[in-house]
Amino acid sequence: MSSLPDGWRSLRKEDAAAVAELLAEDEIAHGLPGKLSAQDVLSWWRRTDLDLNSWACEEGGRLVAAGWLDQYGGDVLGGGAVRPGEKGRGLGVALVETAERRARELEGPFVRQFALGADKAARALFESRGYGDVRHHYVMALRLDSEPAAPELPDGFAIDTFRDEDDVAFHAAAGEAFAEEWGHHSLPFDEWWAMRKDEDKSLWWVIRDGSEIAACERCEEGYGGGFVGMVGVRKPWRRRGFGKALLLHAFGEFRRRGFERVSLGVDSANPTGATRLYESVGMHVESEHVTFEKELA
């Protein structure tokens with residue numbers, strides 16, 4: 001791996017809380033809720049080799065900048081931020097340059113890096129270095145102030161909690177449902193299961209049609225409340241209200257567990273019209289995130 005800037009070091013798992021605090025401060029500075037936790041950051045690092053693919057600048061025992069790369073299905077993806085009060089010192093440039101050098105060593109055809117939609121300085125930095133704005137994603141959220149509507153399904157269908165024997169079929173159903181999603185890669189089952197096996201499966205649900213899984217949902221605690229990590233309906237079963245029913249079921253369960261809010265992430269140009277579905281159950285756009293991409297010659 002290429003050397004880090006003078007005075008920088010690699011991140012460690014023990015830094016997750018400090019990184020979450022840095023990122024939350026940056027979100028708050030841009031008018032956003034700042035709901036990130038250490039667990040959220042650790043979930044992002046599940047595929048990241050922190051020794052080789054992360055970097056941080058620490059001053060006075062406090063992180064002032066941090067970044068990392070993740071390899072996902074051959075894509076090289078970067079994240080990070082500079083503490084608001086420390087911007088204008090070249091730390092953002094150091095983050096971007098370090099990520100680009102490492103991405104080239106990883107032989108990625110391009111590198112994608114992320115920024116808050118409201119962060120004009122980040123946009124200017126990326127564009128000055130030849131990055132293009134290639135995609136926008138939303139975080140959509142809902143306050144769980146009242147009991148959600150009861151899920152409605154066609155006769156003969158019901159929402160069922162994930163069973164251990166569903167593991168392979170659940171993975172296949174999710175991969176099929178998201179096959180046309182921009183940037184999606186279906187991981188091999190063993191790799192996917194190694195990442196997910198210790199999660200709370202009581203927050204995973206399916207809708208069955210005989211022996212088939214027609215729709216599936218994977219939820220967890222995160223981002224300041226309940227989080228819908230994935231909800232997908234396979235093509236032959238779409239337009240029957242399965243996605244809406246799964247969402248409402250999750251909202252009800254989160255409320256019963258005492259969560260005050262629920263959120264999820266969605267591609268603003270999702271080909272299945274997911275944003276309209278989420279709006280139909282009361283969710284609203286809380287923040288926008290931009291993916292910037294640069295080809296690596």
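This is a short talk on the overall build of one chain and on one of its helices.

The model is predicted, so local features need pLDDT of at least 70 and side-chain atom pairs count only at pLDDT 80 or more, while totals for chains, interfaces and linings use all residues. Residues are numbered from 1 along each chain as its sequence is written, and side-chain values use heavy atoms, with hydrogens and water left out.

I start with the whole chain. It has 9 helices and 12 strands; these are DSSP runs, numbered from the N terminus, with at least four residues for a helix (H or I) and at least two for a strand (E). The radius of gyration is 20 Å, which agrees with the value near 19 Å for a compact globule of 297 residues. That radius is taken over C-alpha atoms, and the globule rule is 2.2 Å times the number of residues to the power 0.38. Along the principal axes, the C-alpha atoms fill a box of roughly 65 × 40 × 35 Å.

Of the 297 residues, 51% are buried, meaning under 20% relative accessible area with a 1.4 Å probe, protein chains only.

Now to one helix. Which residues of H7 are buried? In this helix, residues 189-196, they are Trp192, Met195 and Arg196. Seen down the axis of H7, they fall within an arc of 90 degrees, so they line one face. The arc is that of the directions from the helix axis to the C-beta atoms. Their cover includes helix H6 (167-177), strand E8 (204-209) and strand E9 (212-222), by contact, that is, heavy atoms within 4.5 Å.

Conventions:
Buried means under 20% relative accessible area, exposed over 50%, partly exposed in between (1.4 Å probe, protein chains only).
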